[in-house]
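The following exercises concern salt bridges, nonpolar cores and a surface patch. Please inspect the sequence and the model before reading each worked solution.

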Amino acid sequence: MHIGTVRGAAGAAALAALLSAPALAADYPVLRGSQIEDAPTPSLYAGSYNWTGFYVGGGADVSDTKFKPDTGLQDLARFAFRNTALGQQVDMGGLVNNLPEKSDSGATYFGFLGYNVAFGDAVIGIEADYTRSGHSYRIDDYIARRFVTANGDVNDISLTTQQAAKLDDYATARLRLGWAFGSIMPFATLGGAVGRFNTSSTIDARWNLTQTNPLTGVVSQGQAAGYPLTVGATKKNVYGFGLTVGGGVDWALAENIFLRGEYQLVRFADVEGTTTTVNTARAAMGVKF
């Protein structure tokens, strides 16, 4: 046999082996772990979380409480001089200044409990919370005036006013609407609120009267009958009612543990002459059952 013929036969065999290698490889299974696959990119929202169930929790917040006095002191000033000649000729309520809005702020603490029901990614729930506040305001003023009435009497009056309120604590009951992205759930809230206040709205009225007898010309001075007089009241445990709205995010750290960041606005209707608005940024931790 010629050497050239042997070389040609060997080359043809090698070419045939190369062409048949993929087919042979396809006939054998690939061992697990013999290939390196791309690892999936971790996601903050990966996985599912069951938001249905009862939960409780608590936390701390930073609150700004605004107190807005109304015209209650003006009404008290008019009441202090009702059925008098001076009160008929002079609008005593007009002497009392419109009081400015006051604010108090600081950390407060709260607890909450609720129940969620999940419908797919939509979550509906109810929640109640309790907050210990202690925010307050107080405004004191003093007004003194002299008036001469139509009969010639000289009237020297003074009004010492006090308007104050303290929000001891409050509770809310709210409807929650959320949308779950795995372990993250943004939500919005709407509901009602009740607060417990200590209030003070008082006027101490003093009236010195100087009269001249038209026949004898004798001048007499002294306190008008029934004065000094205090009108209004200081009250404890007065309840006010209002509305609340807010929104936030719950983040499930584990099957039964979640963190919360939330904003809440509570506005109370007039309570003994003061309207109160509470703006709160909250941070909390909860346990789900």
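Arg-282 is buried, and Asp-129 is buried as well; buried denotes under 20% relative accessible area, exposed over 50%, and partly exposed in between (1.4 Å probe, protein chains only). The model is predicted, with local features requiring pLDDT of at least 70 and side-chain atom pairs pLDDT 80 or more, whereas totals for chains, interfaces and linings use all residues. Residues are numbered from 1 along each chain as its sequence is written, and side-chain values use heavy atoms, without hydrogens and water.

**Exercise 1.** Determine how Arg-282 and Asp-129 interact, and place the pair in a network.

*Solution.* Step 1: the two side chains form a salt bridge with an N to O distance of 2.9 Å; the criterion is a side-chain nitrogen of Lys or Arg within 4 Å of a carboxyl oxygen of Asp or Glu. Step 2: Arg-282 belongs to strand S9 (residues 274-288) and Asp-129 to strand S3, so the bridge ties together parts 153 residues apart in sequence. Helices (H or I, at least four residues) and strands (E, at least two) are DSSP runs numbered from the N terminus. Step 3: both residues take part in a network of salt bridges that also includes Asp-61, Glu-127, Arg-174 and Arg-176.

**Exercise 2.** Describe the salt bridges of Arg-78 and Arg-196.

*Solution.* Step 1: Arg-78 pairs with Asp-75, the closest N and O atoms being 3.3 Å apart. Both lie in helix H2, three residues apart, about one turn of the helix. Arg-78 is partly exposed because its relative accessibility is 38%; Asp-75 is partly exposed at 46%. Step 2: Arg-196 pairs with Asp-168, with 3.7 Å between the closest N and O atoms. This pair links distant parts of the chain, strand S5 and strand S4, 28 residues apart. Asp-168, at 8% relative accessible area, is buried.

**Exercise 3.** Identify the residues that touch the most other members of the largest nonpolar core.

*Solution.* Step 1: a nonpolar core is a set of buried Ala, Val, Leu, Ile, Met, Phe, Trp, Tyr and Cys residues joined through side-chain atoms within 4.5 Å. Step 2: among the 26 residues of the largest core, those residues are Phe-81, Leu-86, Met-92, Ile-157, Leu-159, Ile-203 and Trp-207. Step 3: helix H2 (72-80) and strands S3 (122-148), S4 (154-179) and S5 (184-212) each give two or more residues to this core. Step 4: a second, separate core of nine residues includes Val-238, Phe-268, Val-271 and Val-278.
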